[in-house]
Amino acid sequence: MSLKSFVLALAAGVAVLVAPAANAAEEEAGMTAEQFVQSLDYRHGTVTVGQAKAHFNLDDEFRYLDQADARRVLEDLWGNPPDESVLGMIVPRSPALTDEDSWAVVVTYADDGYVPDEDASKIDYRELLQTMQEEISDANPERVKAGYGSLQLVGWAVPPRYDAGSKKLYWARELAFNDQASHTLNYDIRVLGRHGYLSLNAVSGMNSLGAVRAGMDRLLPMTEFDRGARYADHNPRTDKIAAYGVASLIGGGLAAKAGLFTKLGLVLAKSWKLLLIGLVALGGSLGKLFGKRKNKPTVH
């Protein structure tokens, strides 16, 4: 589904996006969720991501699903709309994908060009957070009036940090939808490269912050661009330069994603899963949504 088609679907009501994944799959001659997970082709160790000219050196705690299987999980098991931008998925061995507290890391790549990082040391993250909170809060009355509910950026679950040496940026946000008591954790990693950046994104409940943070900390040094595509390989005479800096990687993405989720009228419940695939607003992209899934859904 193209971005244009996706936006048109939103305008039309898009109830299909929040339907349980099992509903469509039950029409097929399928299998249980456990059988589905067992059918996935996991990769181990060093994994190349050719589209991004990058690779992961995974330890025994993680496995990798290539694009086809990653999309099967996102679209068939968890009920997302089709998304060709997904390159793969990193899955911790525990908890299992079928567990209620499961989480996974979706891999995407933005080829927007070399992202200058001169502004990284000058970012006031407290001020950035306040600005993001105010923008979302100011838009809530309109969302509520339209019947879409409210969204609150509670704060940093993990404050942003940019490692100038490795060219890696990470942060996590705590989000509240419609004043629900259970809050959502959105954990992001960005790895800067010569021609763009690699995005690793995980979402879970705030009660899983410890496990997700530990897992993402482990993944951070396992993620690298290939020789020739690294940030240090940048050629200022020939390479495309992105129209934004490091601050926009943090502050730009949530506005687009917030618009999607509030438009869908998402109300988080215990068994809901949602995914915010973070891209900067300047990239013109929207986040994606996990659908609610029942116990032992069938998938095709």
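Trainee: Where in the chain does K53 lie?
Mentor: Keep in mind that this is a predicted model. K53 has a positive phi of about 55 degrees although it is not a glycine, and its relative accessible area of 48% makes it partly exposed. As for its place, K53 lies in the loop between β2 and β3.

Trainee: In which sense do β2 and β3 pair, and over how many bridges?
Mentor: Take one pair to start with: T48 has H55 in β3 as its bridge partner. Strand β3 covers residues 54-57. The two strands are antiparallel, and the count of bridges between them is four.

Trainee: Which strands are at the edges of the open sheet that holds β3?
Mentor: The sheet has three strands, in the order β2-β3-β11, with antiparallel pairing. From one strand to the next, the twist averages 25 degrees. An edge strand here pairs on one side only, and that picks out β2 (46-49) and β11 (223-225).

Trainee: Is T223 buried or exposed?
Mentor: T223 lies in strand β11. Leaving aside neighbours within four places in sequence, T223 is in contact with H55, F56, K168, V191, L198 and L200. Its relative accessible area is 0%, and buried means under 20%, so T223 counts as buried.

Trainee: Which residue stands opposite K168 in β9?
Mentor: K168 belongs to strand β8, which covers residues 168-177. β8 and β9 pair in the antiparallel sense over eight bridges. They form a hairpin with six residues between them, and N178 in the turn has a positive phi of about 50 degrees. Opposite K168 you'll find V191.

Trainee: How many bridges join β9 to β10?
Mentor: These two strands also form a hairpin, with four residues between them. One pair to look for is N186, opposite V203 in β10. β10 covers residues 197-205 and runs antiparallel to β9, and the number of bridges is nine.

Trainee: Why is β9 said to be largely enclosed by the rest of the structure?
Mentor: Look at both faces of the strand. On one side T184, N186, D188, R190 and L192 are buried, and on the other L185, Y187, I189 and V191 are buried. β9 is largely enclosed because its buried residues number nine of nine.

Trainee: Which strand gives the largest nonpolar core its largest share?
Mentor: That core has 31 residues, and F56, L58, I90 and M216 touch the most other members. In general, nonpolar side chains tend to be buried together in soluble globular proteins. The largest share of this core is four residues, and they come from β9.

Trainee: What does M216 touch, beyond residues up to four places away in sequence?
Mentor: M216 is one of the core members with the most contacts to other members. There's also a second, separate core of 26 residues, which includes A110, V115, M132 and V246. For M216, the residues touched are W103, V105, Y187, I189, L200 and A202.

Trainee: Where does K167 lie, the other lysine with a positive phi?
Mentor: K167 has a phi of about 60 degrees although it is not a glycine. Most residues other than glycine have a negative phi. K167 is buried, with a relative accessible area of 18%. Its place is in the loop between β7 (151-163) and β8.

Trainee: Which residues does the cis peptide bond join?
Mentor: Most peptide bonds are trans. To find this cis one, go to the loop between β5 (88-92) and β6 (105-110), where P95 lies. Omega is about 5 degrees, and the bond joins S94 and P95.

Trainee: Where is confidence lowest in the protein chain?
Mentor: The chain averages a pLDDT of 76, and 74% of the residues score at least 70. pLDDT stays under 50 over residues 1-29, and it is also below 50 over residues 253-300. Confidence is highest in β3, at 98, while the lowest mean, 29, belongs to helix α1 (residues 3-11).

Key:
Residues are numbered from 1 along each chain as its sequence is written. This is a predicted model: local features need pLDDT of at least 70, side-chain atom pairs count only at pLDDT 80 or more; totals for chains, interfaces and linings use all residues. Side-chain values use heavy atoms; hydrogens and water are left out. A nonpolar core is a set of buried Ala, Val, Leu, Ile, Met, Phe, Trp, Tyr and Cys residues joined through side-chain atoms within 4.5 Å. Buried means under 20% relative accessible area, exposed over 50%, partly exposed in between (1.4 Å probe, protein chains only). Contact means heavy atoms within 4.5 Å. Two strands pair if DSSP finds at least two bridges between them. Axes are lines fitted to C-alpha atoms, for helices over the stretch in contact, and angles run from 0 to 180 degrees between N-to-C directions. pLDDT is the predictor's confidence in each residue, from 0 to 100.
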